Amino acid sequence: MAREKLDRQAAEAALTGLDGWSLAADAGSISRTFTFKNFSEAFAFMTRVALAAEKMDHHPDWSNVYKTVEVTLNTHDAGGLTALDIELAKKMNRFAGG
């Protein structure tokens, strides 16, 4: 998958099909907060994402407090948002049931 930085127009177009994600003001990243029923569900989600991210060689910036997982995606190598981020966001939505 391409590690070329998306321009603002491409980033906005990619987000039209990504429920819950928002584009940073500088269009360099996307973010979303996932909320689950409990810690176990949040941790299970993070485990599924970690396995997928490892296969993609693309890892999220995230944090977890109890049942909440906050995620920011960007591609450090490209200096901004890429197709890899969009693909990982789609997987995360599927894993979260969205």
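A residue is termed exposed when its relative accessible area is over 50% and buried when that area is under 20%. In this predicted model, Val65 has a relative accessible area of 62% and is therefore exposed. Val65 belongs to strand S3, which covers residues 61–65. On the surface, Val65 joins Phe39, Phe43 and Tyr66 in a nonpolar patch. Together, the four residues of this patch present about 450 Å² of accessible area.

Phe45 provides a contrasting case. This residue lies in helix H2, and its relative accessible area of 0% falls under the 20% limit, so Phe45 is buried. Leaving aside residues up to four places away in sequence, Phe45 is in contact with Phe34, Phe36, Val69, Met92, Phe95 and Ala96. The C-alpha atom of Phe45 is separated by 16 Å from that of Glu87, a residue 42 positions away along the chain.

Aromatic pairing was examined over the whole structure, and five pairs were found. In one of them, the ring centres of Phe34 and Phe45 are 4.8 Å apart and the ring planes meet at 40°, so the pair is classed as tilted. This pair connects distant parts of the chain, since Phe34 is located in strand S2 and Phe45 in helix H2, with their positions 11 residues apart. Both Phe34 and Phe45 are buried. A further pair is formed by Phe36 and Phe45, whose ring centres are 5.0 Å apart; with the planes at 40°, this pair is therefore tilted as well. Phe36 is buried, as is Phe45. Through ring pairs, Phe34, Phe36 and Phe45 are linked with Trp21 into a cluster.

Helix H3 comprises 13 residues, from 83 to 95. The distance from its first C-alpha to its last is 18 Å, close to the 18 Å expected at 1.5 Å a residue. The buried residues of H3 are Leu84, Asp85, Ile86, Leu88, Ala89, Met92 and Asn93. In an α-helix, residues three or four places apart point the same way, because each turn takes 3.6 residues. The cover over the buried residues of H3 includes helices H1 (8–15) and H2 (39–56), together with strands S2 (30–35), S3 and S4 (68–73). Met92, one of the buried residues of H3, is also among the contacts of Phe45. Just after H3, Gly97 adopts a positive phi of about 90°.

Conventions. Residues numbered from 1 in each chain as written. Predicted model: local features only at pLDDT ≥ 70, side-chain atom pairs only at ≥ 80, totals over all residues. Heavy atoms only, no water. Patch = residues over 30% accessible without salt bridge, like charges linked within 9 Å, V, L, I, M, F, W, Y side chains within 5 Å. Areas by Shrake-Rupley, 256 points an atom, 1.4 Å probe, with all protein chains shown as cover. Salt bridge = Lys/Arg side-chain N within 4 Å of Asp/Glu carboxyl O. Helix = DSSP H or I, 4+ residues; strand = E, 2+ residues; numbered from the N terminus. Buried < 20%, exposed > 50% of the residue type's maximum accessible area, 1.4 Å probe, protein only. Expected span 1.5 Å × (residues − 1). Contact = heavy atoms within 4.5 Å. Phe/Tyr/Trp six-rings, centres within 6.5 Å; stacked < 30°, edge-to-face > 60°.
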